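Hi,

Here is the structure I said I would pass on. Have a look at it first, and my notes follow below.

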Amino acid sequence: MSEFNREEILELYKDLRVTDVRDGLDWVGYHGYGTVDHSIKPLFRTAVVGIARTARYLPYEGPVPMVTGDEYTEWVKYYYSEICNDEWKNDIQEGDFIVMDVAGQDVGILGSNNTLDFKSKGARGYLTNGGGVRDTDECIMQGIPVWSKFISQGMDQTRIRYYEKDIPVAIGGVAIYPNDVVVADGDGVVVVPSKVAKEVAKYAHQELSGDKKGRAKLYEKLGWELDETVK
């Protein structure tokens, strides 16, 4: 694709399911690429399409200060301002799908508070390769879509440190670059390289259209009223 147009791509993919996009990738020769490992699952069943905004974190090597109570509170403030400051959050655009390589760590980098801040800036969903989400009752209630390996309890401090942003990352066996298209729903996550996004969308829509027509005929045969999934 000679020029990347976010709005155009988001419009092309807004109605596509993960399976449609998987088919579209097959149609352009990417049979073995794009499907994020099945161990990464949704916090709740929903569907999101977005543009990858990437960040990488590393395990925190220490040292951990031997302080508690109010002194620990002060050290935590330092940690979030200097060590795990999430610089990428200042760049969020409407339609971003936040992709976070957290090195497989058991850490609740996403929670009920910061995800609302990111949502207000335009973030649509989140993908991580470790823990990544806590406060899950509130996150579900607030409609925060997260795909991760597991749910975590612990905060960032002493567990991870921010390293870099807007770089290629590897999540569930897939290399994800900034501006790749991320499609996620109850079937998991699939990633489309930006250079083939238009071509993949063409064949994904072909497959979706065929599925709708076939299912509509079966709805009529069964005497079911047509719904939005077949119209």
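Let me start with Val182, which counts as buried because its relative accessibility is 0%. Keep in mind that this is a predicted model. Val182 belongs to strand S9, which covers residues 181-185. So who sits around it? Setting aside the neighbours within four places in sequence, Val182 is in contact with Val48, Val49, Gly50, Ala52, Phe97, Val99, Val189 and Val190. Tyr13 is worth a look from there too: 169 residues separate Val182 and Tyr13 in sequence, yet their C-alpha atoms are 9.4 Å apart in space.

That fits a broader pattern in the contacts. Of the contacts in the protein with a separation of 6 or more, 78% are between residues 24 or more positions apart.

Now the overall picture. The protein has 6 helices and 10 strands, and its C-alpha atoms fill a box of roughly 70 × 40 × 30 Å along the principal axes. There are 231 residues, and 44% of them are buried. The exposed surface comes to about 11,700 Å², with carbon and sulfur atoms supplying 49% of it. As for charges, I get 27 positive and 38 negative ones, and the mean positions of the two sets are 5 Å apart.

The aromatics are the other thing I wanted to show you. The count comes to 10 aromatic pairs. Take Trp75 and Tyr79: their ring centres are 5.1 Å apart and the planes meet at 55 degrees, so this pair is tilted. Both residues are in helix H3 (residues 69-82), and because they are 4 residues apart there, about one helical turn separates them. Trp75 and Tyr79 are both buried.

A second tilted pair is Phe118 with Tyr126, at 6.4 Å centre to centre and 50 degrees between the planes. Are these two buried or exposed? Phe118 has 2% relative accessibility, so it counts as buried, and Tyr126 is buried as well, with a relative accessible area of 1%. For both, the cut-off that matters is under 20%.

Finally, back to Trp75 and Tyr79, since they are part of something with more members: ring pairs link Tyr60, Tyr72, Trp75, Tyr79 and Tyr80 into a cluster. If you open the model, you could start with Val182 and its contacts, then go over to this cluster of rings.

Cheers

Definitions and conventions:
Residues are numbered from 1 along each chain as its sequence is written. This is a predicted model: local features need pLDDT of at least 70, side-chain atom pairs count only at pLDDT 80 or more; totals for chains, interfaces and linings use all residues. Side-chain values use heavy atoms; hydrogens and water are left out. Helices (H or I, at least four residues) and strands (E, at least two) are DSSP runs, numbered from the N terminus. Buried means under 20% relative accessible area, exposed over 50%, partly exposed in between (1.4 Å probe, protein chains only). Contact means heavy atoms within 4.5 Å. Accessible areas come from the Shrake-Rupley method with a 1.4 Å probe; for residues, only the protein chains shown count as cover. Lys and Arg count as positive and Asp and Glu as negative; His and the chain ends are not counted. The place of a charge is taken as NZ of Lys, CZ of Arg, CG of Asp or CD of Glu. Rings of Phe, Tyr and Trp (its six-membered ring) pair if their centres lie within 6.5 Å; planes under 30 degrees apart count as stacked, over 60 as edge-to-face and the rest as tilted.
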